[in-house]
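Me: I am new to this structure and would like to know the reasoning behind each label applied to it. May I begin with the pairing of charged side chains?

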Amino acid sequence: MEYKSFLIKYGEIGLKGKNRYKFEDALIQQIYTALKPVEGNFSVEKQHGRIYVETEGYFDYEDTVEALKRVFGIVMICPMLRFAERDFETIAARTVQFMQDVYGTEERSFKVFTRRIDKSYPGTSESISAELGGRILETCPNLRVDVHHPEISLNVEIRNEGTGIYSVLIPGPGGMPVGTNGKAMLLLSGGIDSPVAGYMIAKRGVMLEATYFHAPPYTSERAKQKVVDLAREVARYAGPVTLHIVNFTDIQLYIYEKCPHEELTIIMRRYMMRIAERLAGRSKCMALITGESIGQVASQTVPSLVSTNEVCTLPVFRPLIGFDKQEIIERAVQIGTYETSIEPYEDCCTIFVAKHPVTKPDAERIRKSELKLSEKIDEMVEEAIRTEERIRCTAE
């Protein structure tokens, strides 16, 4: 069976009432973006609560499905046979041919589900399903009816504009179309957690930018490239991601020189958040995103997170906050970022780790330690922001 059409089913968008069309339009735009690198000519149309992807000429079916499976907002992808005719004999003939083409001589059970969107169409949905099922049984001896637990759910939709037939349902990622819920800044490292955090927030319709803190010569150019690769992998789902690369070496060395070593991690983290927030403000981002999970490392205990939050005015989204490491790894494998994340190139957070980092930082003591940086730190932060490098990361 050569499919030329795909029915796109969405979930939450259907609950948006009078604003639903805005979310549908955003979903259509994201579908076009996802299909741009796929070989083939595509069009996307919206008809009475249905979205269809239509193809013209040759196209790569597998690549098309894979691209659609990465579009947030899609709940189900249904390869579909569509035709303009609505008379019952044509529908019956095309339905029987569909079952023969798709299932051949396989021994399978089936049930027909008919939807008459045009309620003036003769007969009832049940009577049409029964008649179509009878025609299939007459022609396909390998198939049998099972109305309770069918292996094949054959869907026939009779609409004003024509008829559609489908039986395969391919799960999409769900969520909301990217761009429908503003923009946020992801603190992206080379680890497992932060790409997953970005994915999860993008799934709620949030556009992403990202900040990476680079520490040459302590971190290599390959470590930097690893983060660029991760940003591109996240962009497969979230759309193009602008990556801000900040040279953090001088700031880290200055903190290392002036502050107690057990407080290095938390103070460096606070300055990362300050800089990321500045970059977020320039890009009109409305929140920060981190991959932190309670208790995973010293800087992610509850007292440490409170200390980090103290320097932020924007909300900080932590979608992994209640996940354990294995759950995060499983999600990273699922979205395809895990193999890149475990490449052996360290980021700046792992280079300057104290032997015994504080796990319950005292807010007053941390603020006093930061006063030791007052001579140069503001100037160094401004320089780091001024010399940031930007890379636009797109799916490859």
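Reply: A salt bridge is a side-chain nitrogen of Lys or Arg within 4 Å of a carboxyl oxygen of Asp or Glu. The model is predicted, so local features need pLDDT of at least 70 and side-chain atom pairs pLDDT 80 or more, whereas totals for chains, interfaces and linings use all residues. Residues are numbered from 1 along each chain as its sequence is written, and side-chain values use heavy atoms, without hydrogens or water.

Me: Why is the contact of R222 with D229 called a salt bridge?

Reply: The N to O distance between the side chains of R222 and D229 is 3.9 Å. Because this value is within the limit, the pair qualifies. A search of the whole structure finds 36 salt bridges.

Me: What makes R222 buried, partly exposed or exposed?

Reply: Buried means under 20% relative accessible area, exposed means over 50%, and partly exposed lies in between (1.4 Å probe, protein chains only). R222 has a relative accessible area of 29%, so R222 is partly exposed.

Me: How do you know that R318 and E292 form a salt bridge, and which parts does the pair tie together?

Reply: The closest N and O atoms of R318 and E292 are 2.4 Å apart, which satisfies the definition. R318 lies in the loop between β14 (316-317) and α10 (325-335), and E292 in the loop between β13 (288-289) and α9 (302-309), so the pair ties together parts that are 26 residues apart in sequence. The helices (H or I, at least four residues) and strands (E, at least two) are DSSP runs numbered from the N terminus.

Me: Are R318 and E292 buried or exposed?

Reply: R318 has a relative accessible area of 13%, so R318 is buried. E292, at 1%, is buried as well.

Me: What makes R367 and E364 a salt bridge, and where do they lie?

Reply: Their closest N and O atoms are 3.1 Å apart, so the definition is met. R367 and E364 both lie in helix α13 (residues 363-371), 3 residues apart, about one turn of the helix. R367 has 32% relative accessibility and is therefore partly exposed; E364, with a relative accessible area of 40%, is also partly exposed. Both belong to a network of salt bridges that links R270, R274, E310, E364, R367 and E370.

Me: Why are L137, V145 and V147 called a patch?

Reply: A nonpolar patch joins side chains (Val, Leu, Ile, Met, Phe, Trp, Tyr) within 5 Å, from residues with over 30% relative accessible area and no salt bridge. L137 reaches 38% and is therefore partly exposed. L137, V145 and V147 form a nonpolar patch on the surface with about 230 Å² of accessible area together. L137 is found in helix α4 (residues 125-139).

Me: What is lined by E262, E263, T265, I266, A298, S299, S304, P357 and V358?

Reply: These residues line the largest cavity. On a 1 Å grid over the protein atoms alone, a cavity is a set of points where a 1.4 Å probe fits but cannot get out, and lining residues have an atom within 4 Å of a point. The count comes to 1 cavity of 30 Å³ or more, and the largest has a volume of about 30 Å³.

Me: How do you know which residues belong to the "binding site"?

Reply: The label comes from the UniProt annotation (unreviewed entry), which covers L187, L188, Y212, F213, R269, G291 and Q300. Such annotations may be inferred rather than shown by experiment. L188 lies in the loop between β10 (183-187) and α5 (193-202). With a relative accessible area of 3%, L188 is buried.

Me: Which residues does the "domain: THUMP" annotation cover?

Reply: The UniProt annotation (unreviewed entry) covers residues 62-169. The end C-alpha atoms of this span lie 14 Å apart, and the span is 35% helix and 32% strand.

Me: What is notable about the backbone at P217 and K284?

Reply: The peptide bond from P216 to P217 is cis, with omega near 0 degrees. P217 is found in the loop between β11 (207-214) and α6. K284, a residue other than glycine, has a positive phi near 60 degrees. K284 is found in the loop between α8 (264-282) and β13; with a relative accessible area of 68%, K284 is exposed.

How values were computed. Patch = residues over 30% accessible without salt bridge, like charges linked within 9 Å, V, L, I, M, F, W, Y side chains within 5 Å. Areas by Shrake-Rupley, 256 points an atom, 1.4 Å probe, with all protein chains shown as cover. 1 Å grid on protein atoms, 1.4 Å probe; cavity = no way out; pocket = protein on both sides within 12 Å on 5 of 7 lines; lining within 4 Å. Points joined across faces, edges and corners; volume = space filled by probe spheres on them.
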